[in-house]
Amino acid sequence: MSGRSLLHGSCAVAAIAVAAMPAMAEDGAARPALPEIVVSAQLRPQPIETVPIALTALLSGEIEARGIDEPLDALRGVPNTVAAHVPGFGSDNDYVIRGRSGVATVIDGVYVGRGAATNYGFFDIDRIELLRGPQGPLYGRDTSGGVLHIVNRTPGDRTSGYLDGAYGRFGTYQFRAGLDVPIGERFSLGLSGYWRKSNGYVRNTTTGDRLNEDDGWGLRAAAHAKLSDTLTWTGSIARMESTALYAPDFECDPAAPADCKGRFASTGYAETVGPNHFGPLGVNGRKASFGFGNSAKTYLATSRIAWTPSEAVTFEAITGYVDTKRQYGIDLRDGRDAPTIADPVPAARGDVYGGYTILGDTHHKQFSQELRLSGALAGGFVNYVAGLSYAEEDGDSDLADILTPSTGIASLVADRRVTTETKSKSTYAQVDVNVTDALTLTGGVRYSDEDLRFGLTDNRAGCAVLPGGCLDDALVTAGVPAKMSDSFWSPRFAASFKPNENATLFVSATRGYRSAGWNDRATTAATIRPYAAETIWSYEAGLKSTWFERRLAIDLTGFYADGSDAQIVDGGFDYVGTAGFRNKGIELEIAAVPLTNVTVRAAAGWQDAKYKAGSAVRAQQAACGAELAAGLIAGAAGLDNAPSCGTGIVTAAGDIADPVRAPKWTFSAGAAWDIWLPPVSGSIVTPSVDVTYRSAMETGGANASLYTGSVTGVSTTVYPANPYGGGFLTGSQSKSQLLVNAGIALRTDDNFWRVSLECENCLNETTVDASLGNVSWLNTPRVWMLRARRQF
């Protein structure tokens with residue numbers, strides 16, 4: 001995006017806002033135009049404008065109007081936030097807020113662990129809350145970046161429902177439905193589901209398969225019971241399945257580079273393979289027969305019992321169970337070599353075993369139980385929430401890695417069974433003291449205790465006589481611990497002041513953490529090493545305000561974050577935990593109804609994220625500098641290679657890398673206009689547009705990319721590409737991105753009928769969303785969807 005385009009867009013938004021101010025002021029006596037949003041970010045219901053947390057909330061109406069079908073869509077346009085699929089897995093997302101990827105997913109109050117699929121179709125959603133910044137005191141583990149809280153709707157006390165069907169580009173079909181049925185005066189049942197099928201937007205010209213489909217389905221049954229005037233129970237059970245794939249794809253066909261009309265892949269690893277396809281390579285178990293694909297099957301059960309003996313006290317018991325089985329075979333290199341400076345665009349080979357293929361047959365189970373007490377004391381002078389929490393996660397993963405080098409002869413890199421167990425116990429409390437009607441002081445703390453266990457068994461027959469021996473024996477020799485224990489204090493301090501009824505000023509200091517673990521997807525004893533828990537302090541100051549009888553809302557937050565042991569993925573599956581982290585930034589969110597039936601929203605974020613190098617990284621950086629001075633090159637072959645450069649968080653040029661997915665600037669703006677057709681029709685047409693922009697960013701830990709322009713090694717070998725700069729070829733670098741989504745909807749004034757035509761990425765912008773080992777993963781191309789909805 002050019003600077004001129006960005007300037008023009010900013011001026012247009014500013015002009016609309018300035019022009020609308022008199023209209024809003026003159027119409028100040030009109031009814032409140034922006035909805036009143038109540039959130040549970042602090043584990044109790046509060047108006048969003050009174051919560052001293054940087055927080056974005058989406059209600060069900062906006063979710064429907066914007067065509068938001070899954071979590072990845074919901075985070076689009078949030079300041080200083082980037083979301084993308086995990087390379088290979090369309091069923092899994094990586095959320096990065098303020099430069100940190102420790103973002104916990106919480107569904108109906110239940111934390112969903114790392115082993116579960118995180119990208120699934122939405123059911124009947126009530127609201128989505130995205131809390132930015134560490135949230136350790138109230139939410140516990142894996143919240144160094146923030147929390148994504150998805151709140152499903154509680155079944156209502158009247159019969160109601162909806163049917164929703166859609167058809168779109170790439171042969172996409174989607175159906176959604178929901179039904180609430182009251183049974184008597186004290187019990188109601190809710191059923192909802194979704195189904196989605198597509199052909200995939202990537203053409204594999206070697207196998208004829210269509211890849212990167214976004215297929216899945218889910219069913220959810222929910223119940224709400226008023227057991228007495230003071231006792232209620234709400235429970236749900238959901239079954240979700242996703243076969244969404246996120247394979248590397250290319251704008252031009254690797255097998256026929258002149259064909260650049262579409263998205264392409266060329267691996268010879270097919271979606272359907274014969275029995276025991278990988279057996280001749282020594283792969284064991286069911287995974288030896290897996291074709292190119294990904295399947296994640298999840299059960300999610302939640303239960304909440306609430307007892308309110310008085311208006312000032314509520315006791316809750318929240319129970320959760322998550323069970324995810326996953327089977328996958330994913331080629332991470334498109335059936336060919338990884339790009340290097342010697343061969344930046346490897347020729348398509350169509351390897352039947354893939355270029356570098358990972359296989360997995362995994363099962364993750366999680367149980368959690370929380371007891372919570374909340375209420376008020378001294379006539380509302382004190383509000384409090386306190387609780388006890390226990391969680392247990394168990395993982396059992398049968399894994400294998402296969403490499404096909406330039407010789408075209410595939411070999412088994414590793415075949416092992418990995419087991420993990422995490423037990424977490426914590427207690428927490430937060431107290432709000434309402435010193436005056438305008439001033440509230442908040443103090444909170446959580447103490448967490450975690451026990452983690454790790455086990456590995458080498459599945460290779462006769463591994464003792466193979467080079468390197470059995471992997472499990474090598475781990476013992478290398479001193480890799482089989483268990484770890486951690487404990488954390490996560491405090492929070494905040495003060496909020498209301499100078500008037502429509503504004504809240506706040507300051508806060510909060511600590512969060514992301515749990516320790518092992519590089520359990522790595523393949524050697526040298527890389528299967530433990531990494532420490534990531535901890536971070538965040539200091540914030542902000543303003544939340546509404547103006548002109550709620551026709552304008554402005555939220556402004558400034559923050560400074562300081563962390564240690566930042567968990568960084570180094571170009572593959574290896575975590576680097578030796579660096580600190582520092583970030584500062586500003587976030588602005590605006591919502592307005594400047595004219596009758598017109599809604600406008602805008603957001604902007606600026607951040608300056610940096611890693612803090614410890615002694616080990618400084619030593620590596622010094623070694624890299626010496627290697628570069630000697631004429632060595634990162635990623636070169638043999639004696640030309642600079643092994644200390646382009647790895648960890650040291651770039652190929654010897655600098656400290658930029659944090660992953662931490663663009664300096666993010667902007668978004670959107671508008672919708674309800675146009676009433678002649679009154680006799682009872683119909684409303686609503687055109688809408690959403691624009692999001694982010695500046696350039698890096699997607700790999702060492703910022704490793706390949707560029708045009710040759711470079712010569714000390715051996716006099718001339719390499720056709722270089723790792724320093726020039727025209728981008730492939731790798732970590734992601735250019736600035738401008739995405740435009742638009743739609744037009746026709747609905748009846750009672751909202752019973754709605755038909756819409758929508759497009760995402762309407763300008764067909766192509767950028768890098770993720771990378772592994774110099775292979776880039778691109779964003780989704782332009783898609784359109786025609787929807788029809790009947791509500792009753």
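In the predicted model, the secondary structure of the chain comprises six helices and 48 strands. The radius of gyration of the chain is 27 Å, close to the 28 Å that the globule rule gives for 792 residues, and the chain is therefore as compact as a globular protein of that length. Along its principal axes, the C-alpha trace extends over about 80 × 55 × 55 Å.

Burial, contacts and surface were then considered for the chain as a whole. Of its 792 residues, 54% count as buried, where buried denotes a relative accessible area under 20%. Among the contacts that link residues at least 6 apart in sequence, 68% are formed between residues at least 24 apart. The accessible surface of the chain amounts to about 32,100 Å², and carbon and sulfur atoms account for 61% of this area. With regard to charge, the chain carries 69 positive and 84 negative charges, and the mean positions of these two sets lie 1 Å apart.

Strand S8, which runs through residues 125–132, is mostly covered, in that seven of its eight residues are buried. This strand pairs with strand S3 (residues 55–59) in the antiparallel sense, the pairing being made over five bridges, and within it threonine 56 is placed opposite leucine 130 of S8. Strand S8 also pairs with strand S9 (residues 146–152), again in the antiparallel sense but here over seven bridges, and in this second pairing isoleucine 128 of S8 faces isoleucine 150 of S9. In a regular strand, the side chains alternate between the two faces of the sheet.

A further set of strands, found later in the sequence, forms an open sheet of three strands, arranged in the order S14-S13-S18 and with mixed pairing. Strand S14 (210–211) and strand S18 (264–265) stand at the edges of this sheet, and because each has a single partner strand, one side of each is left without a neighbour in the sheet. Between strand S13 (residues 202–204) and strand S14, the pairing is antiparallel and is made over two bridges; here arginine 203 stands opposite arginine 210 in S14.

Technical notes:
Residues are numbered from 1 along each chain as its sequence is written. This is a predicted model: local features need pLDDT of at least 70, side-chain atom pairs count only at pLDDT 80 or more; totals for chains, interfaces and linings use all residues. Side-chain values use heavy atoms; hydrogens and water are left out. Buried means under 20% relative accessible area, exposed over 50%, partly exposed in between (1.4 Å probe, protein chains only). Helices (H or I, at least four residues) and strands (E, at least two) are DSSP runs, numbered from the N terminus. Two strands pair if DSSP finds at least two bridges between them. The radius of gyration is taken over C-alpha atoms; the globule rule is 2.2 Å times the number of residues to the power 0.38. Contact means heavy atoms within 4.5 Å. Accessible areas come from the Shrake-Rupley method with a 1.4 Å probe; for residues, only the protein chains shown count as cover. Lys and Arg count as positive and Asp and Glu as negative; His and the chain ends are not counted. The place of a charge is taken as NZ of Lys, CZ of Arg, CG of Asp or CD of Glu.
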